[in-house]
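Student: I am new to this structure and would like to go through it step by step. Could we begin with the overall layout and then turn to the details?

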Amino acid sequence: MARGPKPTPYHLRAVRGTNKNDPGRENPDTPAVDPHGLGDPPADLTPAAQAIWTEHAPWWPGVTDRLMWREFCVALADAHSFYVECESEGWTFKSDKGNILRHPASTLHRERLDYATKLAAAFGMNPTDRNRIKAKPKPDPNDPAAKFRRRAEATNSGYRDP
């Protein structure tokens, strides 16, 4: 795991003018947003998860993985339901011996919220996470050296050092 604060996304550094401190540190391979949407939510989702899908899907058009987006919506809906349960019954309770204990739903709320946060990071739902995504750059068709690189790769593929 990396130490220190998360790096500031390049486009925020450019706006603040601090990109001149670290020239060449931008990520040119950050993928562009895909214009295709996720479509309608699956019918087997709970009404709360369907509401989250419908509410958030238009804001994230680059997400194309329906299965992981479904997991994100279910995790967020579960976290919300556990939160509501803790708010109505209390976040703590007194045991038979008089000890004050956490409500079991509070632990489940935290776990589901952590899982939803990890999925959100995988989707690049904040600028720092989007900047960390690396995509393989597409070859430039107008690059004059491209044909020589292809020829070198083809001839060196069977090369053995004596």
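**Layout and helix packing**

Tutor: From the N terminus on, the elements of the protein chain follow the order α-α-α-β-β-α-α-α. Please keep in mind that this is a predicted model.

Student: How many helices and strands does the secondary structure of the protein chain come to?

Tutor: The order α-α-α-β-β-α-α-α can be read element by element, with α for a helix and β for a strand. Counted in this way, the secondary structure of the protein chain comes to 6 helices and 2 strands.

Student: Are H3 and H4 roughly parallel or roughly antiparallel to each other?

Tutor: Helix H3, residues 66-89, packs with helix H4, residues 104-123, at an angle of about 150°, and their axes lie 8 Å apart. Angles over 145 degrees count as roughly antiparallel. The two helices, H3 and H4, are therefore roughly antiparallel.

Student: Which class of residues, nonpolar, polar or charged, has 18 members in the contact of H3 with H4?

Tutor: H3 passes H4 in a left-handed crossing. By class, their contact has 4 charged residues and 2 polar ones, while the class with 18 residues is nonpolar.

Student: Is Ser106 buried or exposed?

Tutor: Ser106 is found in helix H4, and, leaving aside residues up to four places away in sequence, Ser106 touches Cys86 and Trp91. Buried means under 20% relative accessible area. Because the relative accessible area of Ser106 is 9%, Ser106 is buried.

Terms used: Residues are numbered from 1 along each chain as its sequence is written. This is a predicted model: local features need pLDDT of at least 70, side-chain atom pairs count only at pLDDT 80 or more; totals for chains, interfaces and linings use all residues. Side-chain values use heavy atoms; hydrogens and water are left out. Axes are lines fitted to C-alpha atoms, for helices over the stretch in contact, and angles run from 0 to 180 degrees between N-to-C directions. Helices (H or I, at least four residues) and strands (E, at least two) are DSSP runs, numbered from the N terminus. Angles under 35 degrees count as roughly parallel, over 145 as roughly antiparallel, 65 to 115 as roughly perpendicular and the rest as oblique. A crossing is left-handed if the near helix is turned anticlockwise from the far one by less than a right angle, and right-handed if clockwise. Ala, Val, Leu, Ile, Met, Phe, Trp, Tyr, Cys and Pro count as nonpolar, Asp, Glu, Lys and Arg as charged, and the others, Gly among them, as polar. Buried means under 20% relative accessible area, exposed over 50%, partly exposed in between (1.4 Å probe, protein chains only). Contact means heavy atoms within 4.5 Å.
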